[in-house]
Amino acid sequence: MNSWKHEPASRRAAILQKWHDLLVAHTEDLAGILTAEQGKPLTEARAEVAYGADYVRWFAGEALRIDGEILQAPSPDKRVIVLKQPVGLCAAITPWNFPIAMVTRKVAPALAAGCAMVVKPAPQTPFSCLAIAELALRAGLPSGLFSVVTGEASVIGPVLSTHPLVRKLSFTGSTKVGKLLIAQASGTVKKVTMELGGNAPFVVFEDADLEAAVTGLMVSKFRASGQTCICANRILVHESIRERFTNLLKHAVSELRVGPGTQESITQGPLIDRAALNKVEHLVSDAVAKGARVLLGGRPHPLGGTFYEPTILDGCTPAMELWHEEIFGPVVALYEFSTEEEAVAMANDTRVGLASYVYTSDMRRFWRVGEALEYGMVGVNTGAISNAAAPFGGIKESGYGREGSSHGIDDYLTLKYLCLGGIG
Ligand code: SIN
């Protein structure tokens, strides 16, 4: 591990670039493994391989730009120098919804910075992580720098979050588990990056291009069958366009194809497990009991297993549990608003702040609402905000730290200040 941090940045970058190339070259194999263990359709699995590989390419570039600074000194006999150094051994606990991309988004910046990384993938999806770790070795990464520990979270998690040798912990998952890990990691004062739960509002104003808004909503809501932290969770639609928007949406949702992800024509795979299905069923029945109307779906899919019908619920209100809870399933919950102020207040009515979306064609509104939304990320006229160049992350109870972009390497580095005196 010590020798890795002393490798020239160009060598770390070259190995990461080779790893990227191998990930891309093995897209079909990796997508097959991903779909088999996670359930998402093959087209989405291939897209995830590309998305995950892109973080590796991105951080191969960032490895070359870990520059320090020379600052203005307080007196002529001194120089103030700032070095950036690798934080040390890192650990990552990754989720089952993106078994490749959430691993590369953490491992690539760690390796680029000169750190070693131990990953605990979700127990539901260990094989994708093991496969990409093997490709990292084939790319020339010295063994021991990217280790994978599979098994039960309750056993491995506390070791990673409390071990004094681990200097940084990165977690993507629920706010509940994130809070627990923050508490555990505080005992040894680790750096922590937390990508926690969301409750994304998707606001459609009366001046929006409605066809584009429906397309964006489909992308945001139904990716991974609704099981992402940035899925649109509360769809706020201006009262004057509600009927037109809903009709377009019904048409788009009825075209989704549910089934095993291994079949090429399928657009919606199963939910990850029975607990996920039970949660969606519970949230839908709570909403219906409190007055929501089912426009489409609303039940487990006739295919059985953990398949759930793509669903639209109209007439939703903040009294329903799905106002506060991440649905994590293929359910569109429609709410109505009448003014911009009301829309912003509704959108911000949550303890979390990860992703949010706005559709408008008014540039002044774009600025006003974009600035007023209490979220780490705002998609304006798009439902697809994730990419390696962007700082992915949230505020409030969605966590802290950013992944991707030039900021994504910061949490794997520490600043050291050298004060050089006696210069004369
Ligand atoms: C997540 O759901 O945690 C990540 C989604 C993404 O990277 O787009």
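Which residues in α4 meet which residues in α5? To see them in this predicted model, select Glu48, Tyr51, Gly52, Tyr55, Val56, Phe59 and Ala63 in α4, together with Ala101, Met102, Thr104, Arg105, Ala108, Pro109 and Ala112 in α5.

**The helices α4, α5 and α2**

Display α4 and α5 as ribbons. Their axes lie 8 Å apart, and the packing angle is about 10 degrees. An angle under 35 degrees counts as roughly parallel, and α4 and α5 are therefore roughly parallel to each other.

Next, add helix α2 (residues 9-25) to helix α4 (residues 42-63). The axes of this pair are 8 Å apart, and the angle between them is about 165 degrees. Angles over 145 degrees count as roughly antiparallel; α2 and α4 are therefore roughly antiparallel to each other. The crossing in which α2 passes α4 is left-handed. To display the contact, select Ala9, Ala13, Leu16, Gln17, Trp19, His20, Leu23 and Val24 on the α2 side. On the α4 side, select Val49, Ala53, Asp54, Val56, Arg57, Phe59, Ala60 and Ala63. Val56, Phe59 and Ala63 of α4 appear in the contact with α2 and also in the meeting with α5.

**The six-stranded sheet**

Now select the strands β5, β4, β3, β6, β7 and β17, which form an open sheet in that order with mixed pairing. The edges are β5 (146-148) and β17 (399-400), each of which pairs on one side only. Helix α5 (residues 101-113) packs on this sheet, where it touches β3, β4 (117-120), β5 and β6. The direction of α5 makes about 170 degrees with that of β4.

**Strand β6 and its neighbours**

Within the sheet, colour strand β6 (residues 166-172). Is this strand largely enclosed or open, and why? Six of its seven residues are buried, so β6 is largely enclosed by the rest of the structure. Buried here means under 20% relative accessible area.

Turn to strand β3 (residues 89-93), which runs parallel to β6 and is joined to it by five bridges. Two opposed pairs can be labelled here: Leu89 stands opposite Val166 in β6, and Cys90 stands opposite Lys168 in β6.

Then select strand β7 (residues 191-195), which is parallel to β6 and linked to it by five bridges. Label Thr172 and Glu195 in β7, which stand opposite each other. Follow the chain from β6 through helix α8 (residues 175-186) to β7: this β-α-β crossover is right-handed. With α8 still selected, note that the helix lies across β3, β6, β7 and β17, and runs at about 175 degrees to β6.

**Two loop residues with positive phi**

The final stops are in loops. Select Ala224, in the loop between α9 (210-222) and β9 (232-238). Its phi is near 55 degrees, a positive value in a residue other than glycine. Is Ala224 buried or exposed? Its relative accessibility is 2%, so Ala224 counts as buried.

Finally, centre the view on Phe328, in the loop between α12 (321-324) and β12 (331-337). Phe328 is not a glycine, yet its phi is positive, at about 55 degrees. With a relative accessible area of 17%, Phe328 is buried.

Conventions: Residues are numbered from 1 along each chain as its sequence is written. This is a predicted model: local features need pLDDT of at least 70, side-chain atom pairs count only at pLDDT 80 or more; totals for chains, interfaces and linings use all residues. Side-chain values use heavy atoms; hydrogens and water are left out. Buried means under 20% relative accessible area, exposed over 50%, partly exposed in between (1.4 Å probe, protein chains only). Helices (H or I, at least four residues) and strands (E, at least two) are DSSP runs, numbered from the N terminus. Two strands pair if DSSP finds at least two bridges between them. A crossover is right-handed if, with the strands pointing away from the viewer, the path from the first strand over the helix to the second runs clockwise. Axes are lines fitted to C-alpha atoms, for helices over the stretch in contact, and angles run from 0 to 180 degrees between N-to-C directions. Angles under 35 degrees count as roughly parallel, over 145 as roughly antiparallel, 65 to 115 as roughly perpendicular and the rest as oblique. A crossing is left-handed if the near helix is turned anticlockwise from the far one by less than a right angle, and right-handed if clockwise. Contact means heavy atoms within 4.5 Å.
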